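Hi,

Here is the structure I promised to pass on to you. Have a look at it first, and then read on for what turned up.

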2 protein chains.
Amino acid sequence: MDGKADIPMRSDCPVNFAIEKLCDKWSLVIMRDILFWGKRTYSDLLNRDERIATNILASRLEYLENEGLIVRTPDPNDRRKELFEATERGIDLIPIIVEMVAWSAKHPDWHALEPKGLPGQMRLVRRAVTTKNKYPTIEKFKEKVRNGGYIFEDIVEGN
Amino acid sequence: MDGKADIPMRSDCPVNFAIEKLCDKWSLVIMRDILFWGKRTYSDLLNRDERIATNILASRLEYLENEGLIVRTPDPNDRRKELFEATERGIDLIPIIVEMVAWSAKHPDWHALEPKGLPGQMRLVRRAVTTKNKYPTIEKFKEKVRNGGYIFEDIVEGN
DNA sequence: CAAGTAGCTTGCATAATGCAAGTAAAGATA
DNA sequence: TATCTTTACTTGCATTATGCAAGCTACTTG
């Protein structure tokens, strides 16, 4: 119910706008799971490495829906389930998230964690750092999600 | 002194890494002020539209320094002052911030704030949305900051 | 019809942020 | 040189955000 308070913006700066909308500990993690990993249900989103608490997940999903970043629809096959998917506005977060990946991957502190992702995923991360112009890739990512898929779908199936 | 607790990362995901390092309410605002507006002193950073509290600013500057995003040097002309400037790692935040601007500027909620920036600044925002490949611009921005300048220096002087 | 599963809520603890007042050291002013 | 101002903070306390564990209801599965 509560979670993020609905207070007026601190300024009209577009940087500040994005910070106030997006910069909490969980909103972008959830968007990553939907956009990159194709997680669509509450329980799928709950059982991830970062171990979000169930009350926080509920409040964040409500928030993301209110902000127009995701929509929820009842699962036609199982009336207990709701399916969450990204809106166009949510899909527009992909460039931000890709640049975050590039930033992390460029600096030693992240490598010190000895990250152990799937091979295809790590390949993608390396490309995020080295590629001069990431926009062709980003556009492909967006199209995938618009068509009901997710960014890592080929990687998860294959390797 | 306190502020951000030094707890272990929730996962080895590079998205999560960036979120844990950067996603609080103030770190990126301060980096914006340094990178885009050339703010270098404590009092300059304090007196901005978002009205950061003085204790938060102090703790965030300490944090950003510990994370290697900024360095502080004593002002040779005034021994009360310290000058804060971005490191290369801090400069690497520019693409993230630019994509945040593009995200905000693309969607109605931000425009509903009726933002009133300087003309040159608004021009830059519009370009951030429309330009297909932002990397040439981003590279120019980085060079400017590396050379001791800041992104809006031409705009602030002119209009 | 009993046992699980999915998607929550509730209550309480800790951490992050916000506000106001105060302070010491350095520089500016009379 | 004595006073006033500026700069970069700290301290104490209030509020908001996040974290943890337990419980709960509608639906599905065996």
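In helix α6(A), the buried residues are A:I94, A:P95, A:I96, A:I97, A:V98, A:E99, A:M100, A:V101, A:A102, A:W103, A:S104 and A:A105. A residue is buried if 20 or more other C-beta atoms lie within 10 Å of its own, with C-beta atoms placed from the backbone; it is exposed at 12 or fewer, and partly exposed in between. That leaves α6(A) mostly covered, with twelve of its 13 residues buried. Helices here are DSSP runs (H or I, at least four residues), numbered from the N terminus.

Please keep in mind that this is a predicted model: local features need pLDDT of at least 70, side-chain atom pairs count only at pLDDT 80 or more, and totals for chains, interfaces and linings use all residues. Residues are numbered from 1 along each chain as its sequence is written, and chains are lettered from A and ligands numbered from 1 in the order in which they are written.

The length of α6 (residues 94-106) of chain A also checks out: the expected span is 1.5 Å times one less than the number of residues, so its 13 residues should span 18 Å, and the end C-alpha atoms are indeed 18 Å apart.

Two residues of that helix reappear in the largest nonpolar core (buried Ala, Val, Leu, Ile, Met, Phe, Trp, Tyr and Cys residues joined through C-beta atoms within 7 Å). Of its 82 residues, A:L35, A:I97, A:V101, B:L35, B:I97 and B:V101 touch the most other members. Leaving aside residues up to four places away in sequence, B:L35 touches B:A86, B:I91, B:I94, B:V145, B:Y150 and B:I151; contact means C-beta atoms, placed from the backbone, within 7 Å.

Now for the two chains together. 43 residues of chain B are in contact with 43 residues of chain A. On the chain B side, α1 (14-22), α2 (27-35) and α6 (94-106) each give two or more residues, and α6(B) supplies the largest share, eleven residues.

Then there is the DNA. Strand C is surrounded by 24 residues, the closest being A:Y42, A:S43, B:A5, B:D24 and B:R79; near means a C-beta atom, placed from the backbone, within 6 Å. Here α4(A) gives the most, with four residues. Around strand D there are 23 residues, and A:A5, A:D24, B:Y42, B:N55 and B:K81 come nearest.

Happy exploring!

Conventions:
Two residues are in contact if their C-beta atoms, placed from the backbone, lie within 7 Å.
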